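The following exercises ask you to read a protein model step by step. Try each task on your own before you turn to its solution.

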Amino acid sequence: MPSAPKWLFDTVDMFLSKLPRVEVVDTVYLSKSIKKIRFQGDFDNLSFPVGAFMDFRVSDTEARRYTVSYVDIENEILEFIVHLHGQGVGCMYMDNLKVGDIINLNKPRGERNYYDKTKKKVVLFGDETSLGLACSFHRVLKKNGHQFQFYFEMDNENKDICSLLGLQNCTIFPKDGNFRDQGWVSHLPIITSAEWQDAYFVLTGNVNAAKTFKKVIKQQTNGKVYLHGYWLEGKKGL
Ligand SMILES: Cc1cc2nc3c(=O)[nH]c(=O)nc-3n(C[C@H](O)[C@H](O)[C@H](O)COP(=O)(O)OP(=O)(O)OC[C@H]3O[C@@H](n4cnc5c(N)ncnc54)[C@H](O)[C@@H]3O)c2cc1C
């Protein structure tokens with residue numbers, strides 16, 4: 001529910017138990033448009049599966065989703081990586097968060113099937129909005145010995161973000177619309193290579209790019225697909 005009348009959000013907030021005192025303790029701009037935000041709080045007894053996301057109430061009438069990129073329950077740390085893409089209420093809220101701010105946070109929500117330990121080869125596709133998810137996946141993919149590739153379409157200013165985040169096996173493509181072109185996608189090495197024919201593809205980021213990628217995967221490989229679009233042109237929240 002990205003948008004709702006204030007009274008409705010207020011009523012839901014009254015019934016949903018909130019996390020006690022969550023404070024911004026660090027923020028860093030990894031580029032002009034990528035901000036990493038660290039919160040401190042008591043996250044005991046909460047479940048954070050790979051790709052867990054949280055709904056932030058970013059105004060009286062709007063809520064937006066962001067993925068937990070890192071959690072350390074013992075040291076009470078929770079991190080998010082946000083794309084400051086423009087003037088959306090979500091990105092302005094995130095841009096304005098500063099050290100010392102205290103926020104009301106809902107409990108995390110998880111995607112039950114995001115990570116599948118039986119899938120030996122994993123390809124994650126997305127854009128700047130998928131960096132948190134990639135960080136969340138990266139740790140578990142390395143720990144459990146998967147073969148993996150991250151494919152990102154990114155603005156030029158973000159082409160070095162993967163190394164700043166310590167993400168391995170990243171291929172960065174310019175965000176120039178190519179991922180909306182089935183013909184172009186069908187020639188990607190990850191599609192044409194015999195080695196990745198039976199990979200598990202997690203497709204996120206822009207809905208239209210992810211859907212185009214899915215069509216090609218279905219037509220040309222034996223891969224399994226998990227698609228979760230994170231944003232769509234002209235649509236507020238998702
Ligand atoms: C499960 C889930 C997890 C997500 N995790 C993250 C995350 O970890 N980090 C993160 O940054 N985002 C994440 N997103 C995406 C984020 O919720 C959307 O980008 C959201 O629309 C941002 O809200 P906004 O208020 O800034 O813009 P909105 O008010 O929703 O949209 C305003 C306009 O901006 C456009 N827009 C929205 N997002 C983008 C974008 N990234 N680039 C260009 N144009 C855009 C919309 O199409 C619309 O036209 C996630 C989304 C989902 C569903």
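**Exercise 1.** Decide whether strand β5 (residues 77–83) is largely enclosed by the rest of the structure or open, and explain why.

*Solution.* Begin with the terms: a strand is a DSSP run of E with at least two residues, a helix is a run of H or I with at least four, and both are numbered from the N terminus. A residue is buried under 20% relative accessible area, exposed over 50%, and partly exposed in between, with a 1.4 Å probe and protein chains only. Next, go through β5: seven of its seven residues are buried, so the strand is largely enclosed by the rest of the structure. Finally, look at the directions: Ile77, Glu79, Ile81 and His83 point one way, whereas Leu78, Phe80 and Val82 point the other way, and all of them are buried.

This is a predicted model, in which local features need pLDDT of at least 70 and side-chain atom pairs count only at pLDDT 80 or more, while totals for chains, interfaces and linings use all residues. Residues are numbered from 1 along each chain as its sequence is written, and side-chain values use heavy atoms, with hydrogens and water left out.

**Exercise 2.** Find which strands pair with β5, and then place β5 in its sheet.

*Solution.* Two strands pair if DSSP finds at least two bridges between them. On this basis β2 (residues 34–40) pairs with β5 in the antiparallel sense over seven bridges, and here isoleucine 37 stands opposite phenylalanine 80. Strand β4 (residues 62–72) also pairs with β5 in the antiparallel sense, over four bridges, with valine 71 opposite leucine 78. β4 and β5 form a hairpin with four residues between them, and glutamate 76 in the turn has a positive phi of about 60°. Now write down the whole order, which is β3-β4-β5-β2-β1-β6 in an open sheet of six strands with antiparallel pairing. Its edge strands are β3 (53–59) and β6 (102–105), each of which pairs on one side only.

**Exercise 3.** Determine how many disulfides the structure holds, and whether cysteine 162 is buried or exposed.

*Solution.* A disulfide is a covalent bond between the sulfur atoms of two cysteines. The criterion used here is a pair of cysteine sulfur atoms within 2.5 Å, and the structure holds zero disulfides. For the second part, compare the accessibility with the cut-offs given above: cysteine 162 has 5% relative accessibility and therefore counts as buried. Cysteine 170, with a relative accessible area of 24%, is partly exposed.
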